[in-house]
Amino acid sequence: MKKLLYISLVSALVFFNSCSDDDFAEAYRNPATLVKTNVPKQFAGFMKINFEDVIPSYWNYFTVLRTTSLSYTQAHGFTNSTGRYIPGAAVNDRWNRYYKSVAQYRELEAVMAALSPAEQAENRVYMITATIYLYDHTSKMIDNFGDIPFYQAGKISYTGGNYAEASAKYDNQTELYTKILDDLKAFSTELNTVTLSAKLTVEFKNQDLINKGDLVMWKNYCNSLRLKLLNRVSAAPAFAARANTEMAQIIAEGKIVDESAENIAFKVYTQDVDLDTSGFFDALESGGNNIAPKPMIDHMNANSDPREAWLFEKGEKATTYVGLDPMLTSGDQDQLLNDGKIAIYNRSVISKNDWLPGTLINAAEVNLILAEYYSRSGNAAVAKTHFEKAIRQSVEYYVRLGDKADVITWKPTTEPTTAEIDAYITKINFAGAVTAADQLKLIAFQKYIHYNVMQADETWAEQRRLKLPVLNFMEDETSTIRKTPPTRWTYPNSERVYNTDNYNAVKDKDNLSTKIFWDVK
């Protein structure tokens, strides 16, 4: 058995971590201790290490997302403070957690490589599913940063602790997306052939923190991730033909997350370990992170959106839902907030709910992707079917989040009726959107509502890609760096200091105006 030692380095590229000998459900030991590892436990350690980027947590929301993606997308209302469009040091935490997970993955590769060919074949399911999960997060990193270190990243233990040898070059974002899509396609096929022994069935179920060993769900996750990424690159010249062809193939196979029962999430099963959302209330309720945005509230008010009471509360001294206007001065915004006039995210359903899942992909977003695909393909009737299905699923999604609310003070007392949901869908009137461009506006706005604060990475990527919905931002005239929301995050300063040679190869791209390759509109 291989022994792993937890070593923390300033440079995220040379960071790796140990996993415990105990089953994960029994909680980890101190990671600073020397422990033995094996494939299943290294797999669980890998899946757990970046849970804060999946399950709503204090550090990710308050430190990273509050001042970046949530504000850039108006997923929440924010005051027009100085420097509001500059990501700054906040992104370091996302960078470091990602590379911790990459290092855990490299250790899983190493443990697998030490097995006999027969043992490798028996344990193959761990590598397939671990890589699907890794690629999900890798695509998000690309969407946020562009080129990132990948192939050589996380290999400090391979070099005997030689930090210089372990520094990793930046890999091209387009090539990485190609690699991800190629491998996911192969995994989708391979999962059809995987069979587990009785022993491995139990073992894999115990260590799989997402799908509890369900291979059908892993297949659905894999294909739905492919569908999402293919749709994201569908306007990029290098991917357009492939995107349409492969999306059609995935749809024809039918193994996707298109029903609510199939949602893929990092679920909270107990409050006895650190995999919960107990710190989320502080992250969302402090620093103005839970303020309702005006575009979303205005739409909900105008169309009697049945999700409104489940997502938001009226201001303490307001009789109607009011969102914070992004075009007001910070002084006027503060006055409205101090007067208790502005709505906030619902505390029972969202911020004080310790059982919120860490969403990876869900049926409502998949059906919105399908609606966009069919609209783009000229099939408005089928697009309408998926669009309306997505709305119904989104309503159900947020109502069901309230089922396990710990504090019910602000939870609505009645659920939306079918008639209310139908009335909302009628008002939206997808059928009245004659052109694909008009249909896309409706689809994009539903993505905006459904993602809200819960899926910040997705909403920022989709808004940059589509340039929809059209949102108004007051320019930051005090800034000489960025007056409007950026098109990417900049690399952490640690890369300039500790990975200098490799950073220098990409430093000309390291600014807030460089677009991600799929951002072509």
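## Notebook: loops, one helix pair, salt bridges

**Entry 1. The loop from H9 to H10.** I looked up Asn211 and found it in the loop between helix H9 (198-207) and helix H10 (215-232). I note here that the model is a predicted one. Is Asn211 buried or exposed? Asn211 has a relative accessible area of 2%, so I put it down as buried. I then listed what Asn211 touches, leaving aside neighbours within four places in sequence: Met217, Trp218, Tyr221 and Ile264.

I went on to Lys212, which lies in the loop between H9 and H10. Lys212 is not a glycine, yet its phi is positive, about 50 degrees. I have its relative accessible area as 32%, which means that Lys212 is partly exposed.

**Entry 2. Tyr269.** I found Tyr269 in the loop between S5 and H12. Which residues does Tyr269 contact, leaving aside its neighbours within four places in sequence? I recorded Lys212 and Trp355. The relative accessible area of Tyr269 is 48%, so I list this residue as partly exposed. I also took a C-alpha separation: Tyr269 and Ala121 are 31 Å apart in space and 148 residues apart along the chain.

**Entry 3. Asp276.** I placed Asp276 in the loop between strand S5 (264-266) and helix H12 (280-285). Which side chain of opposite charge is nearest to Asp276? I found Lys48, 11 Å away. Asp276 is buried and has no salt bridge. With the cut-off for a salt bridge at 4 Å, the 11 Å to Lys48 does not qualify. I did find a polar contact from the side chain of Asp276 to the side chain of Ser278, at 2.7 Å. Not counting residues up to four places away in sequence, I have Asp276 touching Ile55, Pro56, Val268, Thr270, Gln271 and Asp354.

**Entry 4. Other backbone items.** I checked Ser304, which lies in the loop between helix H13 (294-303) and helix H14 (308-311). Ser304 has a positive phi of about 55 degrees and is not a glycine. Its relative accessible area is 46%, so I count Ser304 as partly exposed.

I then looked at the peptide bond joining Leu468 and Pro469, and it is cis, with omega about -10 degrees. I located Pro469 in the loop between helix H21 (456-466) and helix H22 (493-498).

**Entry 5. H1 against H4.** I looked up how helix H1 (residues 39-49) packs with helix H4 (residues 91-113): the angle is about 170 degrees and the axes are 8 Å apart. This angle makes H1 roughly antiparallel to H4, the cut-off for that word being over 145 degrees. Which residues of H1 and H4 meet? From H1 I wrote down Val39, Gln42, Phe43, Gly45, Phe46 and Ile49. On the H4 side I wrote down Lys100, Ser101, Gln104, Tyr105, Glu107, Leu108, Val111 and Met112.

**Entry 6. Salt bridges.** How many salt bridges are there? I have a count of 41. I looked at three pairs, starting with Arg242 and Asp182, whose side chains meet at 2.7 Å, N to O. This pair links distant parts of the chain: Arg242 is in helix H11 (residues 240-253) and Asp182 in helix H8 (residues 173-190), 60 residues apart. I have Asp182 as partly exposed, with a relative accessible area of 38%.

My next pair was Lys199 and Glu203, with a salt bridge at 3.3 Å, N to O. Lys199 and Glu203 are separated by about one helical turn, because they are four residues apart in helix H9. Lys199 counts as exposed at 58% relative accessibility, whereas Glu203 is partly exposed at 21%.

I finished with Arg232 and Glu462, which meet in a salt bridge at 3.1 Å, N to O. Arg232 lies in helix H10 and Glu462 in helix H21, so I note that the pair ties together parts 230 residues apart in sequence. Arg232 is buried, with a relative accessible area of 2%, and Glu462 also counts as buried, at 5%. I followed the shared partners from there. Salt bridges join Asp136, Lys140, Asp143, Lys228, Arg232, Glu372, Arg376, Lys447, Glu458, Glu462 and Arg465 into one network.

Note on methods. Residues numbered from 1 in each chain as written. Predicted model: local features only at pLDDT ≥ 70, side-chain atom pairs only at ≥ 80, totals over all residues. Heavy atoms only, no water. Helix = DSSP H or I, 4+ residues; strand = E, 2+ residues; numbered from the N terminus. Buried < 20%, exposed > 50% of the residue type's maximum accessible area, 1.4 Å probe, protein only. Lys, Arg positive; Asp, Glu negative; His and termini not counted. Polar contact = N/O pair within 3.5 Å; in protein donor to acceptor, adjacent residues only side chain to side chain. Contact = heavy atoms within 4.5 Å. Axes fitted to C-alpha atoms, helices over the stretch in contact; angles between N-to-C directions. Parallel < 35°, antiparallel > 145°, perpendicular 65-115°, else oblique.
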